[in-house]
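Thanks for coming. I have one structure to go through this morning, and I will keep it to the sheet, the helices beside it and some charged pairs.

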Amino acid sequence: MKAAVIGGGFAGRTHVQALRAIGVEPYLVITTRTETAKRFAEEMGIPHYSGADQDGYEAAFRPEIEAVHVCTPPTSHARIVKELLLHGKNVLCEKPIALDLKEAEALVNAVENIPAAESRENITIVESPENVPAKNHEKPLCALTFNVRYHMACQRAKELIESGAFGRPILIHGNYMQEFHALPAPWDWRYDPELGGKMRAITEIGSHWIDLAQYLSGKKVTAVSAQTANFWPEREISNGVMTPPGTGEKEAASEKDTVHVISEDAATVNLQFEDGAIGSVVLSEVSPGRGNRLTMEITCENGNLWWNEEENNILHTAKKGEGIRSEVFAFGNGFGDTFEELLRRFYEELKRRNNAAGLPTFKEGLQVAAVCSAIGESAEKDGKWIRV
């Protein structure tokens with residue numbers, strides 16, 4: 001089985017490493033420029049490469065390639081995935097599914113209504129399923145990289161909640177905090193609205209938290225009230241590094257640039273879920289000391305569960321008057337292992353086609369995108385409650 005990877009950044013490297021770990025051959029890499037694709041292919045030992053600057057994504061349409069991993073900035077996801085679906089390719093796409101809600105809806109419709117192989121030529125994916133030729137073939141398999149689900153402790157939490165042992169979830173809260181964007185920080189595509197979109201903490205780390213909350217609890221977010229903050233809208237940039245105005249290296253003013261950042265550094269969000277559950281989340285990409293602190297606590301009618309990703313192989317549970325039980329997964333997994341588990345399930349599903357893998361679907365990605373969009377709208381309207 002051969003795979004293509006589109007994108008040569010951190011996500012692309014992670015996918016290549018996970019592919020090798022599960023015994024799938026990374027056959028082709030495509031990046032925006034041929035020269036960077038060649039360099040990535042040589043460094044990672046991938047036999048074929050192509051650049052979108054010369055050939056677009058045509059190399060990924062080769063018949064020998066069975067699955068394509070989309071590891072590009074979010075604003076490009078919809079455009080690339082549409083092309084891949086028209087050529088019948090199975091797709092594993094980095095989250096979020098798209099930053100524009102209409103684009104996300106169009107991709108979900110595309111997956112559900114992709115035409116038969118002999119009817120794919122000269123058609124356009126549309127936002128409505130109307131006028132799409134009838135399908136009479138096996139649909140392409142499409143999934144998103146919500147890999148946090150695959151920590152062993154999270155799988156155990158899912159099992160406990162689904163068993164009914166703790167009763168109905170009623171309070172769902174936590175945070176996702178990182179230090180990576182605390183200044184000084186590198187300037188990259190995440191700050192470019194044309195690549196990363198107008199939101200950052202909400203879509204980049206918030207999408208993971210929202211997916212996990214809904215996945216574990218089995219409850220969808222139905223309404224949000226949010227505040228966001230961008231603590232340094234104007235920043236100095238020198239040698240690719242951003243600093244607050246007046247605090248960078250002592251260089252001549254002519255050697256510095258000033259950039260305007262529109263995306264948020266942090267957000268606080270109140271949440272309403274189905275069946276009367278409520279919750280909240282704090283998102284921050286500027287919290288020193290927080291390497292990757294995603295916390296999740298789900299209080300149910302008859303018990304409580306909590307977990308955090310920096311102590312990822314411990315799940316805490318409790319029932320009233322019985323103390324705290326900490327289940328340790330002694331042979332547990334880390335960040336890289338969760339990607340391997342996600343990819344293993346994806347490729348097993350390609351072989352078996354029995355819907356047993358429980359993969360993060362495009363439809364679930366659409367729900368997360370809708371929540372993120374509502375959070376952004378609420379923040380723009382001074383915290384007004386917005387229905388999802």
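**Sheet, helices and salt bridges**

Strand β1, residues 2-6, pairs with strand β2, residues 25-31, in the parallel sense over 5 bridges. Keep in mind that this is a predicted model. One bridge to look at is that of Ile 6, whose partner in β2 is Ile 30.

Those two strands belong to an open sheet of 6, in the order β3-β2-β1-β4-β5-β6, with parallel pairing. Which strands are at the edges? They are β3, at 48-51, and β6, at 142-144, and each of them pairs on one side only. On average, neighbouring strands in this sheet are turned by 20 degrees against each other, ignoring direction.

Now the helices. Helix α1 covers residues 10-21, which is 12 residues. From first C-alpha to last it reaches 17 Å, close to the 16 Å expected at 1.5 Å a residue. Its buried residues are Ala 11, Gly 12, Thr 14, His 15, Val 16, Ala 18 and Leu 19. What do they pack against? The partners are the strands β1, β2, β4 (65-70) and β5 (90-93), together with the helices α2 and α10 (335-352). Just after α1, Gly 23 has a positive phi of about 85 degrees.

Helix α2, residues 34-44, lies across β2 and β3. Its direction is at about 160 degrees to β3.

On to charges. Side chains of opposite charge can pair when their charged atoms come close. The structure holds 22 salt bridges, and I will show three.

The first joins Glu 43 and Arg 13, at 2.8 Å from N to O. This pair links distant parts of the chain, with Glu 43 in helix α2 and Arg 13 in helix α1, 30 residues apart. Buried or exposed? Neither label fits: Glu 43 has 49% relative accessibility, so it counts as partly exposed, and Arg 13, at 27%, is also classed as partly exposed.

The second is between Asp 188 and Arg 190, with the closest N and O atoms 2.8 Å apart. Asp 188 is partly exposed, with a relative accessible area of 23%, and Arg 190 is partly exposed at 23% relative accessibility.

The third is in helix α10. Glu 341 and Arg 344 form a salt bridge whose closest N and O atoms are 2.4 Å apart. Because they are 3 residues apart in α10, about one helical turn separates them. Salt bridges with shared partners join Glu 341, Arg 344, Arg 345, Glu 348 and Arg 352 into one network.

That is where I will stop.

Key. Residues numbered from 1 in each chain as written. Predicted model: local features only at pLDDT ≥ 70, side-chain atom pairs only at ≥ 80, totals over all residues. Heavy atoms only, no water. Pairing = 2+ DSSP bridges. Helix = DSSP H or I, 4+ residues; strand = E, 2+ residues; numbered from the N terminus. Axes fitted to C-alpha atoms, helices over the stretch in contact; angles between N-to-C directions. Contact = heavy atoms within 4.5 Å. Expected span 1.5 Å × (residues − 1). Buried < 20%, exposed > 50% of the residue type's maximum accessible area, 1.4 Å probe, protein only. Salt bridge = Lys/Arg side-chain N within 4 Å of Asp/Glu carboxyl O.
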